[in-house]
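This report describes the strand pairing, the core and the surface of one protein model. The sequence and coordinates are shown first.

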Amino acid sequence: MIIFGTKGYLYQLAILTLVCGNCGNPAAHTLRKRVTKFTLFFVPLFPLSTKYATQCTFCGTEHKVTKEQAEQLQAQAVGGPGAQPYGQPQQPHQHPGV
């Protein structure tokens, strides 16, 4: 008897601030990679498919992106070449009178 099948893996690659195409809010979006692997006797052997998507944390809408777009978004999130920084650096909170 041979036991085989597939198993899905979900990886969170980055969190970005983007304007959602569905709700129009500038909200955090998670960049995710979904990999389906072939398994033999419950051991994952090789990937069958890889898909990338962003999901709005405000409304929950998921948008598929290509591998190239995902790589660009991930480089932008980590401040790679050509990345545009967003937001302001946060300063530690200081208590008055201390």
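## Basis and core

Which residues make up the largest nonpolar core? The model is predicted, so local features need pLDDT of at least 70 and side-chain atom pairs count only at pLDDT 80 or more, whereas totals for chains, interfaces and linings use all residues. Residues are numbered from 1 along each chain as its sequence is written, and side-chain values use heavy atoms, without hydrogens and water.

The largest nonpolar core (buried Ala, Val, Leu, Ile, Met, Phe, Trp, Tyr and Cys residues joined through side-chain atoms within 4.5 Å; buried means under 20% relative accessible area with a 1.4 Å probe, protein chains only) has 7 residues: A14, L16, L31, Y52, V65, A70 and L73. At least two of them come from each of β1 and α1 (67-78); helices (H or I, at least four residues) and strands (E, at least two) are DSSP runs, numbered from the N terminus.

## Strand pairing

Strands pair if DSSP finds at least two bridges between them. β2 (residues 26-40) and β3 (residues 43-56) run antiparallel, joined by 12 bridges, with V35 opposite T50. Their hairpin has 2 residues between the strands, and F41 in the turn has a positive phi of about 55°.

β3 is also antiparallel to β4 (residues 62-65), through 4 bridges. Here Y52 has V65 as its bridge partner. The β3-β4 hairpin has 5 residues between the strands, and G60 takes a positive phi near 85°.

## Surface

F4 lies in β1 (residues 4-19) and is exposed (over 50% relative accessible area), at 58%.
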